[in-house]
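Biologist: Hello! I am new to this structure and would be glad of a guided look at it. Could you take one part and then connect it to the rest?

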Amino acid sequence: MLVGIGFISPWILGFLAFLVYPIAYSFYLSFTRYTGFGAPQWIGLGNYRQLLHDQLFWTSLYNTLYYTALAVPLGTIVALVMALAMNQRLREVLLYRTALYLPSILPAFAVSFIFLVLMDPQNGVLNYLLYLLGLPQVNWLGDPRVAKLSIVLMSQLGAGNAALIFLAGLKAIPRTLYEAAELDGAGQWGKFVHITLPMLTPVLLYNLVIGIIGGLQVFTQSYILTGGGPANSTLFYVYYLYNNAFAYSRLGYAAALSWILFVVSAVLSLLVFRSAARWVHYEIY
Amino acid sequence: MRSTYMSAREQVSSRVRISLGWLRGAVARLVLLAIAAVFLFPLYWMLATAVKTDAELAHFPPSLWPAHWEWGNFLAAARYVPLFLYMKNTLVITIWTVIGAVVSNAIVAYGFSGIDWPGRDKVFGLVLATIFIPFPVLLVPLFDIFAHLGWVNTYLPLIVPAYFGNAFWIFLLRQFLLQIPAELSDAARIDGAGELRIFWQIVLPLAKPAIATVAIFAALGAWNDFLGPLIYLQDNSKYTLSIGLAFFRSEHNLRLNLLMAASTVVVTPVILLFLSCQRYFVEGITLGSVR
């Protein structure tokens with residue numbers, strides 16, 4: 001017993017110092033006015049009351065939910081298509097795996113720099129492509145109606161990660177299931193809908209939860225690409241939290257924002273897990 | 001041999017199946033080639049832009065292949081931006097983070113897998129639950145705590161937490177360690193070896209591939225980190241590549257070819273690490289997800 005706890009003691013210390021205590025401390029701070037200097041000043045529910053009337057809070061919450069609601073399903077579909085294609089017997093499949101996974105480990109800030117060039121309204125290659133196709137030019141990062149979508153588009157470059165997880169799930173499906181279905185006369189589509197998809201649902205659940213939690217944290221891309229603009233259209237939640245804490249020195253208010261994020265994230269994860277009982281197919285095989 | 005026994009109908013159907021298989025392969029190939037081209041294009045464009053001259057850069061339509069490869073842009077970028085300083089700083093943080101992550105996660109994961117103790121799996125459930133806490137929630141309190149310790153504008157807030165284990169990597173290593181047959185350590189226990197010796201001499205050597213995976217992902221996390229350095233580092237002389245480049249771009253209106261040259265410098269080590277350690281990457285992301 002003591003030896004076991006000895007081995008995990010680094011985690012226990014970190015858990016207390018970098019998680020339990022900070023969370024409790026931020027709960028306390030969220031009821032105070034605090035600039036980071038001097039003592040926090042108790043104001044009760046003041047911060048939370050102010051949140052309700054804070055237009056930027058609602059805007060940033062909306063922006064982040066909008067981003068997550070688009071980027072996660074789209075990324076899941078892209079990743080699934082990639083995984084299905086990679087699961088075909090192709091001699092050079094390792095090359096594709098390399099090419100598709102590589103962009104997902106590149107630093108977000110560097111990828112953002114690259115998209116600054118790709119999405120340049122005058123000289124950008126994306127607008128040149130539209131021009132070649134005879135389509136109207138798009139102000140990718142300068143138009144408030146488009147900017148969020150541009151960041152969603154850019155985030156698809158990270159789909160390789162989820163694709164490899166799907167691929168591992170595909171490889172784990174026993175061949176005998178497909179053989180049995182073939183004997184029953186199932187076609188390609190039938191096998192996909194009745195075997196592949198249900199057997200992939202546990203992996204899908206994993207990818208969804210990881211995607212949602214990551215989506216709610218979107219920050220770096222808009223910090224570099226747009227600075228939160230135009231017209232606050234890419235002011236994501238974490239960006240607003242960051243601004244309050246480190247640009248406006250409103251640490252108490254930022255702590256209240258953190259707690260809302262914590263609750264939103266917990267509720268969304270819980271909803272997904274709850275719904276999982278209905279659509280995730282756990283079968284011992 | 002077998003085909004001689006096949007009926008005519010079976011032969012036809014097997015031929016149909018083969019050609020269908022070929023067709024599916026061709027479709028899959030087309031899809032993959034298209035996606036791979038789209039996914040690698042930004043990297044190509046980064047390099048192509050990095051070597052364009054200012055005149056070529058201003059030209060519309062953009063040239064898809066640089067007319068003249070101006071490698072001197074890399075020198076110009078390094079002269080303009082303190083790239084080597086930023087790289088040295090990033091490397092210092094990365095190395096210390098990797099050491100902390102490897103040591104702490106291996107030890108903790110052994111405590112959750114190699115040794116039996118009452119309540120172990122309940123505590124492990126708690127570890128798993130912490131994976132789902134979004135990091136930005138801790139931004140404000142952690143900053144204030146580190147500020148009171150006088151750690152702001154040092155590398156300590158970026159390095160020290162790595163020495164206390166990370167829930168996801170503990171989980172990953174534990175998955176791996178559970179596959180090591182218990183007989184090995186049991187035999188050593190009968191011979192009177194202590195847990196530390198078993199961990200050090202038996203488990204650790206066997207767990208090398210999984211530990212390499214943790215080391216690689218820890219290195220990647222530190223190298224790619226933006227938010228951490230953004231919050232804690234204040235002196236230009238301490239900046240990492242991530243915030244150094246971001247600030248330099250916004251303050252000095254860095255030319256795009258030089259920005260892309262600097263980005264190439266940032267991205268190249270990541271690509272090299274990936275190409276040389278591919279199997280650890282694949283192991284790392286799939287070990288955790290599939291039961």
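Biologist: Let me begin with a close look at a single part: where is B:Pro61 found in chain B?

Modeller: Happy to help, and please keep in mind that this is a predicted model. B:Pro61 sits in the loop between α2 (54-58) and α3 (72-80) of chain B. The peptide bond leading into this proline, from B:Phe60, is cis, with omega near 0°. Most peptide bonds are trans, and most residues other than glycine have a negative phi.

Chain A also offers a cis bond. There, the peptide bond from A:Gly229 to A:Pro230 is cis, with omega near -10°. A:Pro230 is placed in the loop between α11 and α12 of chain A. That loop between α11 and α12 also holds A:Ala231, whose phi is near 50°, a positive value in a residue that is not glycine. A:Ala231 counts as exposed because 12 other C-beta atoms lie within 10 Å of its own.

Back in chain B, B:Asn153 has a positive phi too, of about 70°, although it is not a glycine. You will find B:Asn153 in the loop between α6 and α7 (156-159) of chain B. With 14 other C-beta atoms within 10 Å, B:Asn153 is partly exposed.

Now let us see how chain B is arranged around your loop. The domain assignment gives chain B a domain 1 (2-45) and a domain 2 (81-287). Their C-alpha centres lie 41 Å apart. The largest nonpolar core has 152 residues, and those with the most contacts inside it are A:Ala163, A:Phe166, A:Leu241, B:Leu173 and B:Ala262. The largest share of this core, 11 residues, comes from α3(A). Domain 1 and domain 2 of chain B both contribute residues to the core, so it lies between them. For a closer view, B:Leu173 touches residues including B:Asn105, B:Ala109, B:Ala207 and B:Val214, leaving out those up to four places away in sequence.

What about the place where the two chains meet? Chain A and chain B each bring 72 residues to the contact. On the side of chain A, the largest share, 15 residues, comes from helix α1 (residues 2-29). That side of chain A divides into 56 nonpolar, 15 polar and 1 charged.

Helix α1(A) deserves a moment of its own. A kink of about 55° lies at A:Ile8, shortly before the proline A:Pro10. Both A:Ile8 and A:Pro10 are buried, as are others in α1(A), among them A:Phe7, A:Trp11 and A:Leu29. The buried residues of α1(A) pack against β1 (32-33) and α13 (251-279) of chain A, and also against α4 (83-111), α5 (120-130), α6 (139-148) and α8 (167-177) of chain B.

Just ahead of that helix, A:Met1 belongs to the segment before α1 of chain A. A:Met1 is exposed, with 11 other C-beta atoms within 10 Å. Beyond its neighbours within four places in sequence, A:Met1 is in contact with B:Trp117 and B:Pro118. From A:Met1 to A:Gly14 is 13 residues in sequence and 20 Å in space, C-alpha to C-alpha.

Next comes α3(A), which gave the core its largest share. Two packed helices are described by the angle and the distance between their axes. For helix α3 (residues 55-86) and helix α12 (residues 237-247) of chain A, the axes come within 7 Å and cross at roughly 145°. In this contact, A:Leu56, A:Phe57, A:Ser60, A:Leu61 and A:Thr64 of α3(A) meet A:Tyr237, A:Tyr239 and A:Tyr240 of α12(A). The residues here divide into 6 nonpolar, 2 polar and no charged.

Helix α3 of chain A also serves as a packing partner for the buried residues of α7(A), together with α5 (108-118) and α11 (220-225) of chain A. In helix α7 (residues 147-155) of chain A, 7 of the 9 residues are buried, so this helix is largely enclosed by the rest of the structure. Among its buried residues are A:Lys148, A:Ile151 and A:Met154.

Finally, here is chain A as a whole. Chain A has 13 helices and 2 strands, and its C-alpha atoms fill a box of roughly 75 × 70 × 35 Å along the principal axes. Of its 285 residues, 41% count as buried.

How values were computed. Residues are numbered from 1 along each chain as its sequence is written. Chains are lettered from A and ligands numbered from 1 in the order in which they are written. This is a predicted model: local features need pLDDT of at least 70, side-chain atom pairs count only at pLDDT 80 or more; totals for chains, interfaces and linings use all residues. Domain bounds come from an automatic or database domain assignment. Axes are lines fitted to C-alpha atoms, for helices over the stretch in contact, and angles run from 0 to 180 degrees between N-to-C directions. Helices (H or I, at least four residues) and strands (E, at least two) are DSSP runs, numbered from the N terminus. Two residues are in contact if their C-beta atoms, placed from the backbone, lie within 7 Å. Ala, Val, Leu, Ile, Met, Phe, Trp, Tyr, Cys and Pro count as nonpolar, Asp, Glu, Lys and Arg as charged, and the others, Gly among them, as polar. A nonpolar core is a set of buried Ala, Val, Leu, Ile, Met, Phe, Trp, Tyr and Cys residues joined through C-beta atoms within 7 Å. A residue is buried if 20 or more other C-beta atoms lie within 10 Å of its own, exposed if 12 or fewer, and partly exposed in between; C-beta atoms are placed from the backbone. The bend at a residue is the angle between axes fitted to the seven residues ending there and the seven starting there.
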